[in-house]
Amino acid sequence: MTTNDPLLSVRDLRVTFTRHGEEPFKAVDGVSFDVHAGQTLGLVGESGCGKSVTSLALMGLLPARGNHVEGEVIHEGTDLLKLSSSEMRDRRGRDIAMIFQDPLSSLNPVVPIGIQVTEVMERHRDLSRKEAMPKARELLERVGIPDPNARLKNYPHQLSGGMRQRALIAMSLACAPRLLIADEPTTALDVTIQAQILALLKELVEDTGTALIMITHDLGVVAGLCDEVNVLYAGRIVERGDRHRLFAHSAHPYTNGLLGSIPRLEAPRGERLTSIPGSVADNLPWTSSCAFAPRCPRVLDRCREETPVWEEHPATGLRCHNPAEVSHG
Amino acid sequence: MTDQQGTENPSTKRGLSYGERRKQRIDELAAASVDETPGVSLYASAWRRLRRNPVFLIGAGITVLFVILAVISPWLAPWDPAATPLLDKVRPQSNPIPGPEPGHPLGGDDRGRDLLSRLLVGSQQTLIVGVMATLFGLVGGITLGTLAGALGGWVDSVIMRMVDVLLSIPSLLLAISIAALAQKPSQWTVIIAIAVIQVPIFARLLRGSLLGQRVSDHVLAARALGVKRGAIVFRHMLPNALGPVIVQATLVLATAIIDAAALSFLGVGNSDDRRPEWGQMLARAQPFIYDHPHLAIYPAACIITVALGFTLMGESLREALDPKSRR
Amino acid sequence: MLRFIIRRLIQMVGVVLVLSFLLFMWLRSLPGGPVSAILGERATESRRQALEAALGLDQPIFVQYLKFLQRAIQGDFGISTQVLPGTDALEIFLMRLPATLELSFFAMLIAIPLGIPLGYFAARRRGSALDNTSIVVSLLGVAVPVFFTAFLLKYFFAIKWPIFPVSGRQSADVDATRVTGFFVLDGILTREWDAAWDAFMHLVLPSIALATIPFAIIFRITRASVLDVLDEDYVRTAEAKGLTLRVIRSRHVLRNAMLPVTTIIGLQVGLLLGGAVLTETVFSFPGIGQALAEAFRDKDYAVLQVLIMAAAAIFVLVNLLVDISYALIDPRVRAR
């Protein structure tokens, strides 16, 4: 059921970190995207590209001091960035929910799981603990935790990594938010569990029609899950596309590099793994150039002198002076 | 991390021997894994932050002033602290403590000695007592801690059991017990008693630090490369472990001075007070405290200031070197 | 859970044994030897010989140690020579104990309700004026020697402005019935309100002096603990859930932050004993602290021995209790 109006509309989001005695750091430098109801959007990029900061800014979870946020985040007609903290607090958990990377540290070690689930419902649905407990049980069951009754009374350290993440997913969906943000939810888990959790997320999202923003550095995660993919570099989106299209033909050299560096089973033996040379520390500023220029195999002189502009095509978007369409088998 | 082609290994170019090349690589490895910012060591970045921290600056300032004072005080003091220029002014009944007059800005004490001079020179003895006690405690603690942490096994268990027990006794009581063993209590009694209190603290600290190091990456790497145990301990583990020990030593110095004062107050220490010491002066001032509180307040203020200085410095050092409090 | 307690008890026994051995060695090292230590300088020759036999001084050390343990268990620590000549040392300890317990209780009554909230608010408003002032105050609490604080209090509030009594536990002219040995409690139990009030007034200044160190430590630990917890991921999760500030603070922040604080509070007992020695001396407060100072000064080794051993034993016991209670509140420990 997609309506034409996006569920969430991020417009030119900028987050600058200020540190005492040091240069201000632009973690997010003009990010814009839309999320429609029921859609799964991927935010992909290396560590340090600003994807996590983006999600924290959306939720209003950045620390009170040391940063400056600009732009607009329109959710159901309201700019979230302009809300007071108590108004934002009302929306978190109820309209937008978030799950994080490390399930063990993300859970309160001295409170039983059951209460950590019911507290969301007690808060937003005005239920008493007694009323909420059976629903919590259902939720745990829904996310695939066996023996949910016992688990309600367990403490986080008594659960395995995969179960903890499932419990966190249950907590996030407790009040049926229309948007869920998942920040690297599987990075801290074993590979086999990763697959399970991703499958669970996919299933839940389809069943409930919740929109999902999936933040990850792992393209494998994106491939199976996201409708639309945004590739971030140094705080700006450099390529956007529908998943099938992007994986089949990517255009930005960075995206190409990311896709090219995935080891492929059917590649000939002895073929070297390609990597992207340099690191994020080599970046040039976006204001006067293309940040990726020092590492780009297709760099032109223009790239170091002029910032590339965002070009919107049907179903794709690109920020590059010298793109190349590469087909990936 | 980055490139493979990276920096060339200078040792291959210079043609060093195999052993020396190995050592150099180990050292670089050890240094690299402790670094948090490329090219900036932990100590250097800590120092940068400390330079701007007012708490540290005040503490270090006081400490430095105190040490300077302790060194130059005999020349600074107008009178010999053992001399009794005001003796004829002392009247046990009516005027036991001579008040201020020209040449004696703070007046005298009950034996007619110039108070200001005694205060100034007292810094020397106070510093000596504090430093020696801490030094002995440090040496004892480091020895024990290194033995326990480096050797491990049953040596570790036995040593740590004793240390834990010593730590379980309230420190002042322990000090009193040690002091009670002395036939003729003197300044050395105070020093030793306080040193004994500090030994378990340092031992525990060093051992904990070493244990943490043992499983850290750079030590594992060194072991994997076959470096001998002794070398590992002395060249790779100890230098990293010393950081917290130094911080603790500064803090311990503060408490050493205070505990020394407490012991003097209880009656340990020199009966011969020709060489003044602040704790002792404070203790001697007890009988006169009601009518002449200044006799106690001056040495107490000195003790407090110096202890505060060391504490402020130690605390800010600790916070600066603590990787967790980095923001 | 039970296994945990049993394990801890066994550990405690080990510690007590090591302690007693240390004490035994200490006793033998006292000037004049253990006999003089216990009987004093002026004991008669026959008593000396009797004691020598009882101590087994001619026998191997191990036997001596066993005899020492035996006497200790029987409560025989010798006779006081100076503090209260002729009285059994253990009795002196028992007589003076309630005073120190009462004093310590009131000291903690000041330190905890002051230290914890202040630490919590200082952490929440890190870097604010409140935070910085509190830190300085707590540093002073540690830097100023306890006996000097005691003196200042005594000078200003008992002598210069005689609001509080200068010394002792109870005024001489107050007639009070003794029930428990805790004077304030006694006064309340017997409804002798003037006695209770008088005892209370005597406790105010010494309690404040004694409280300065535990206050400083409790404040610092609470503050550090809250700061640590505020940085934890689960607090971020709680925020992401949109929970009310009240719930976040109580269920997520405080409940975790208080864990190390409770341990610290238990451990304060050791520091209190040390501080009590000094405070009680200044205020002539007849507790075990003053007894210890007297015994030390006058070389009454029998009393000194009892008090040191008792202090260590109390500390070990309190440690055990704290360990157990920590296991009760932290579910992660229970699992082990």
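Two strands count as paired if DSSP finds at least two bridges between them. Strands themselves are DSSP runs of E with at least two residues, helices are runs of H or I with at least four, and both are numbered from the N terminus.

Before we start: this is a predicted model, where local features need pLDDT of at least 70 and side-chain atom pairs count only at pLDDT 80 or more, while totals for chains, interfaces and linings use all residues. Residues are numbered from 1 along each chain as its sequence is written, and chains are lettered from A and ligands numbered from 1 in the order in which they are written.

**Exercise 1.** Work out how S12(A) sits in its sheet, starting from its pairing with strand S13 (residues 316–318) of chain A.

Solution. Start with the pair: S12(A) and S13(A) run antiparallel and are joined by three bridges. For a concrete contact, take His313(A), whose bridge partner in S13(A) is Thr316(A). Now zoom out: the open sheet has eight strands, ordered S6-S7-S8-S3-S9-S10-S13-S12 in chain A, with mixed pairing. Strand S6 (96–99) and strand S12 (311–313) of chain A have a single partner strand each, so one side of each lacks a neighbour in the sheet. Ignoring direction, neighbouring strands here are turned by 20° against each other on average.

**Exercise 2.** Trace the four-stranded sheet of chain A and find its edges.

Solution. The order is S2-S1-S4-S5 in an open sheet with antiparallel pairing. Strand S2 (25–35) and strand S5 (78–79) of chain A are the edge strands, pairing on one side only. Next, look at strand S1 (residues 8–17) of chain A, which pairs with S2(A) over eight antiparallel bridges. Leu13(A) faces Val31(A) in S2(A), and Thr16(A) has Lys26(A) as its bridge partner in S2(A). Then check S1(A) against strand S4 (residues 67–75) of chain A: eight bridges again, also antiparallel. Here Val15(A) stands opposite Val69(A) in S4(A).

**Exercise 3.** Decide how chain A's radius of gyration fits the globule rule.

Solution. First, the inventory: chain A has 11 helices and 14 strands. The radius of gyration, taken over C-alpha atoms, goes up against a rule of 2.2 Å times the number of residues to the power 0.38. For 329 residues that rule gives 20 Å, and chain A comes out close at 21 Å, so it is as compact as a globular protein of that length. Along the principal axes, its C-alpha atoms fill a box of roughly 65 × 50 × 45 Å.

**Exercise 4.** Describe the side of chain C that touches chain B.

Solution. Count contacts first (C-beta atoms, placed from the backbone, within 7 Å): 35 residues of chain C meet 32 residues of chain B. Next, sort by element: those giving two or more residues include helix H1 (2–29), helix H6 (129–143) and helix H13 (301–329) of chain C. H13(C) provides the largest share, seven residues. Finally, sort by class, where Ala, Val, Leu, Ile, Met, Phe, Trp, Tyr, Cys and Pro are nonpolar, Asp, Glu, Lys and Arg are charged, and the others, Gly among them, are polar. That side of chain C has 30 nonpolar, four polar and one charged residues.

Notes
Two residues are in contact if their C-beta atoms, placed from the backbone, lie within 7 Å. Axes are lines fitted to C-alpha atoms, for helices over the stretch in contact, and angles run from 0 to 180 degrees between N-to-C directions.
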